[in-house]
Amino acid sequence: MKPAMETAAEENTEQSQERKGCFECCIKCLGGVPYASLVATILCFSGVALFCGCGHVALAGTVAILEQHFSTNTSDHALLSEVIQLMQYVIYGIASFFFLYGIILLAEGFYTTSAVKELHGEFKTTACGRCISGMFVFLTYVLGVAWLGVFGFSAVPVFMFYNIWSTCEVIKAPQSNGTAGVEQICVDIRQYGIIPWNAFPGKICGSALENICNTNEFYMSYHLFIVACAGAGATVIALLIYMMATTYNYAVLKFKSREDCCTKF
């Protein structure tokens, strides 16, 4: 009877050790996850998707509004149409580039986090590995500064559409209805510099302007530009998180690669 009890106790001990070993393995794996890079990647993908998708559709709607209402002569906005078409192609390239770059940064985050925390045995690094990490730090800083400019640029059409929308709200106001002054409330799109001053009509007033604000093209373009601007802002935040994560990992790798290093973080 005693040997049977001892056997059962040994089996329970082995099962307990197996469960403990599995738990420790899971904790070790979770410790190697670069949570900052993971959050930044999700935020970056979401922001770029919003910026590229909404921006592409909003640009097409803007061209339709200009052609139908503000510039009936095709030659007046031919240059603007070419620029918008070029921007739409650039959007395709931005989406593809950041999809690949986000995956590469996430993979680099897994590598450097595992190296910093020494999850796979003795810590080892090479000059090539540190050089690659430094390159990602520099490239992420450059992209962060560039996206600050993109974020500011994406706010321009939001400002323009907001001015048109606010003018329409003035026309719809009760104190303006039924008065001769309504037809004197105008929006001159030429003052924004997107079409030349000789474009016809260029300026829309009164009830005609109100009709433009009631179109689906205006409503969709206005809100899509807002979402695209928010997506650009989310991408800037994601790149800031990438900057902090890559800079920290690079600094720790460089410090721990020194021969006289004896401090562990």
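This report describes the fold, the internal spaces and selected residue contacts of a predicted protein model.

**Overall architecture**

The protein has 265 residues, of which 37% are buried. Its secondary structure consists of six helices and two strands. Along the sequence these elements follow the order α-α-α-α-β-β-α-α. Strand 1 covers residues 186–188 and strand 2 covers residues 203–205, and the loop between them holds Pro201. The peptide bond that leads from Phe200 into Pro201 is cis, with an omega angle near 0 degrees.

**The largest pocket**

The largest pocket encloses about 560 Å³ of space. Its lining is made of 22 residues, and those closest to the centre are Leu59, Met87, Phe153, Pro157 and Phe225. Four helices each give at least two residues to this lining: helix 2 (35–70), helix 3, helix 4 (127–172) and helix 6 (216–256). Helix 3 provides the largest share, with seven residues. In terms of residue class, the pocket lining comprises 19 nonpolar and three polar residues, and no charged residues.

**The largest cavity**

Across the whole structure, one cavity of 30 Å³ or more is found. The volume of the largest cavity is about 60 Å³. Its lining consists of Thr62, Ile65, Leu66, Phe70, Met160, Phe161, Ile164, Ile189, Ile194, Ile212 and Phe218. Helix 2 and helix 4 are the elements that contribute two or more residues to this lining. The largest share, four residues, belongs to helix 2. By class, the cavity lining contains 10 nonpolar residues, one polar residue and no charged residues.

Ile212, one of the residues lining the cavity, is located in helix 5. Ile212 has a relative accessible area of 3% and is therefore classed as buried, the cut-off being under 20%. Ile65 also belongs to the cavity lining. The C-alpha atoms of Ile212 and Ile65 lie 8.1 Å apart, although 147 residues separate the two along the chain.

**Contacts between residues distant in sequence**

The pair Ile212 and Ile65 can be set beside two further pairs, as the following table shows.

| Residue pair | Separation along the chain | C-alpha to C-alpha distance |
|---|---|---|
| Ile212 and Ile65 | 147 residues | 8.1 Å |
| Phe138 and Thr247 | 109 residues | 9.1 Å |
| Cys213 and Ser166 | 47 residues | 9.8 Å |

Cys213 is found in helix 5, which spans residues 206–213. The relative accessibility of Cys213 is 10%, so this residue counts as buried. Phe138, by contrast, is a residue of helix 4, and its relative accessible area of 59% places it in the exposed class.

**The salt bridge**

Side chains of opposite charge can pair when their charged atoms come close. In this model the count comes to one salt bridge. The partners are Arg190 and Asp188, whose closest N and O atoms are 2.9 Å apart. Is the arginine of this pair, Arg190, buried or exposed? Arg190 has a relative accessibility of 16% and therefore counts as buried. Asp188 is likewise buried, with a relative accessible area of 15%. Both values fall under the 20% cut-off, so each partner of the salt bridge belongs to the buried class.

**A nonpolar patch on the surface**

Which residues make the nonpolar surface patch of about 380 Å²? The patch is formed by Phe99, Leu100, Ile103 and Ile104. Phe99 lies in helix 3, which runs over residues 78–116. The relative accessibility of Phe99 is 47%, so this residue is classed as partly exposed. A residue must have over 30% relative accessible area to be part of a patch, and Phe99 at 47% therefore meets that condition. Helix 3 thus holds Phe99 of the surface patch and also supplies seven residues to the lining of the largest pocket.

**Summary of the internal spaces**

The pocket of about 560 Å³ and the cavity of about 60 Å³ both have linings without charged residues. Helix 3 gives the largest share of the pocket lining, whereas helix 2 gives the largest share of the cavity lining.

Terms used. Residues are numbered from 1 along each chain as its sequence is written. This is a predicted model: local features need pLDDT of at least 70, side-chain atom pairs count only at pLDDT 80 or more; totals for chains, interfaces and linings use all residues. Side-chain values use heavy atoms; hydrogens and water are left out. Patches are made of residues with over 30% relative accessible area and no salt bridge: like charges are joined within 9 Å, nonpolar side chains (Val, Leu, Ile, Met, Phe, Trp, Tyr) within 5 Å. Accessible areas come from the Shrake-Rupley method with a 1.4 Å probe; for residues, only the protein chains shown count as cover. A salt bridge is a side-chain nitrogen of Lys or Arg within 4 Å of a carboxyl oxygen of Asp or Glu. Buried means under 20% relative accessible area, exposed over 50%, partly exposed in between (1.4 Å probe, protein chains only). On a 1 Å grid over the protein atoms alone, a cavity is a set of points where a 1.4 Å probe fits but cannot get out, and a pocket is an open set with protein on both sides within 12 Å along at least five of seven lines; lining residues have an atom within 4 Å of a point. Grid points are joined across faces, edges and corners, and a volume is the space filled by probe spheres set on the points. Ala, Val, Leu, Ile, Met, Phe, Trp, Tyr, Cys and Pro count as nonpolar, Asp, Glu, Lys and Arg as charged, and the others, Gly among them, as polar.
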